[in-house]
Amino acid sequence: MVSQKNIWRSAFFAVFSALLATGAMAHHGWAWTTGKNIRLTGLIEEARLGNPHGVLKVNVNDEMWTVEVGQPWRNERAGLKDADFAKGTEMTFFGEPSANIEDRRLKVERLELRGKMYELYPRRNRRWKAC
């Protein structure tokens, strides 16, 4: 026989798990972006690469931006190596900014490094606006 306590415990964990999954999907999808694209050029100050995706701190005209690049497999498929994201490297990023511009956060679709374009999301073809 199942106790009342076990039923409540199971219900709590089911609801808690669903809330966590929803938050993860919102963060790791594109829902938090504007749906419009910009171009951003700056110097890498810090790189944290790995799963679920790489995160760079990039100095853009003396403003610090958080720039999300691909998962390790996506960066590698595009032809990038971890060493490409070294501190002091200048890159141009193309992607969708946060719907809240105060976040100064960008999800990258493609990037340019030393004159070469790297497609992280090759199926996303957008027009770019400079920022």
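Helices are DSSP runs of at least four residues (H or I) and strands are DSSP runs of at least two (E), both numbered from the N terminus.

**Figure 1. Overall arrangement of the protein chain in the predicted model.** The chain comprises two helices and six strands. Read from the N terminus, these elements follow the order α-β-β-β-α-β-β-β. Of the 131 residues in the chain, 37% are buried. Among contacts between residues at least 6 apart in sequence, 56% join residues that are at least 24 apart. The accessible surface of the chain comes to about 8,500 Å², and carbon and sulfur atoms account for 55% of this area. A search of the whole structure yields four salt bridges, whereas the number of aromatic pairs is zero. Three of the salt bridges are described in the views below: Arg 104 with Glu 63, Glu 68 with Arg 105, and Arg 110 with Glu 119.

**Figure 2. The salt bridge between Arg 104 and Glu 63.** Side chains of opposite charge can pair when their charged atoms come close. In this pair, the closest N and O atoms of Arg 104 and Glu 63 are 3.3 Å apart. Arg 104 belongs to the loop between strand E4 (90-97) and strand E5 (105-113), and Glu 63 belongs to strand E3 (residues 63-68), so the salt bridge ties together parts of the chain that are 41 residues apart in sequence. Arg 104 has a relative accessibility of 27% and is therefore counted as partly exposed. Glu 63, with a relative accessible area of 35%, is likewise partly exposed.

**Figure 3. The salt bridge between Glu 68 and Arg 105 and its surroundings.** The side chains of these two residues meet at an N to O distance of 3.1 Å. Glu 68 is located in strand E3 and Arg 105 in strand E5, so that the pair links distant parts of the chain, 37 residues apart. Are the two partners, Glu 68 and Arg 105, buried or exposed? Both residues are buried. For Glu 68 the relative accessible area is 3%, which lies under the 20% limit for a buried residue. The side chains of Glu 68 and Arg 105 also make a polar contact, at 3.1 Å. The C-alpha atoms of Glu 68 and Leu 106 are 6.1 Å apart in space, although these residues are separated by 38 positions in sequence. Arg 105 additionally lies over the face of Trp 32, at 3.5 Å from the ring centre.

**Figure 4. Thr 66 and its contacts in strand E3.** Thr 66 is part of strand E3, as is Glu 68. With a relative accessibility of 18%, Thr 66 counts as buried, since the limit is under 20%. Its side chain makes a polar contact with the side chain of Lys 57, at 2.8 Å. Which residues are in contact with Thr 66, leaving aside its neighbours within four places in sequence? They are Val 55, Leu 56, Lys 57, Arg 104, Arg 105 and Leu 106. Two residues of this list take part in salt bridges shown in the preceding views: Arg 104 with Glu 63, and Arg 105 with Glu 68.

**Figure 5. The salt bridge between Arg 110 and Glu 119.** The side chains of Arg 110 and Glu 119 meet at an N to O distance of 2.6 Å. Arg 110 has a relative accessibility of 7% and counts as buried, whereas Glu 119 is partly exposed, with a relative accessible area of 30%.

Methods
Residues numbered from 1 in each chain as written. Predicted model: local features only at pLDDT ≥ 70, side-chain atom pairs only at ≥ 80, totals over all residues. Heavy atoms only, no water. Buried < 20%, exposed > 50% of the residue type's maximum accessible area, 1.4 Å probe, protein only. Contact = heavy atoms within 4.5 Å. Areas by Shrake-Rupley, 256 points an atom, 1.4 Å probe, with all protein chains shown as cover. Polar contact = N/O pair within 3.5 Å; in protein donor to acceptor, adjacent residues only side chain to side chain. Phe/Tyr/Trp six-rings, centres within 6.5 Å; stacked < 30°, edge-to-face > 60°. Lys NZ or Arg CZ within 6 Å of the ring centre and 35° of its normal.
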